[in-house]
Amino acid sequence: MAVNIKKIAVYVIVVFVFYVIITDPKGAAGYVQIGFEGISDAAKAIGDFMTWAANGGNS
């Protein structure tokens with residue numbers, strides 16, 4: 001039963017994404033840009049933390 005719910009949830013999300021892309025392509029592009037900026041910021045923060053840790057925690 002849980003597998004069926006998971007498949008239904010994935011199907012609903014995919015349909016919603018296609019609906020947004022078809023009805024508002026500029027808005028969808030903005031959402032993608034926001035997502036990539038978030039991923040980029042997160043990767044930069046992880047890199048800064050790893051550099052800080054590699055330096056022994058010194059600023």
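**Exercises on a two-helix stretch**

Lys 44 is exposed, as its relative accessible area is 52% (exposed is over 50%, buried under 20%, partly exposed in between, with a 1.4 Å probe and protein chains only). The model is predicted, so local features need pLDDT of at least 70 and side-chain atom pairs 80 or more, while totals for chains, interfaces and linings use all residues. Numbering runs from 1 along each chain as its sequence is written, and side-chain values use heavy atoms, without hydrogens and water.

**Exercise 1.** Find the partner of Lys 44 in a salt bridge.

*Solution.* Start with the count: the structure holds one salt bridge (a side-chain nitrogen of Lys or Arg within 4 Å of a carboxyl oxygen of Asp or Glu). Its partners are Lys 44 and Asp 48, at 3.1 Å from N to O. Next, place them: they lie four residues apart in helix 2, and therefore about one helical turn separates them. Finally, check the surface: Asp 48 is partly exposed at 43%.

**Exercise 2.** Compare the reach of helix 2 with its expected span.

*Solution.* Helices here are DSSP runs of H or I with at least four residues, strands are runs of E with at least two, and both are numbered from the N terminus. Helix 2 covers residues 25–54, 30 in number. The expected span is 1.5 Å times one less than the number of residues, which gives 44 Å; the first and last C-alpha are 43 Å apart, close to that value. Just after helix 2, Gly 56 has a positive phi of about 80°.

**Exercise 3.** Locate Val 14 and describe its exposure.

*Solution.* Val 14 sits in helix 1, residues 2–23. Its relative accessibility is 39%, so Val 14 is partly exposed.
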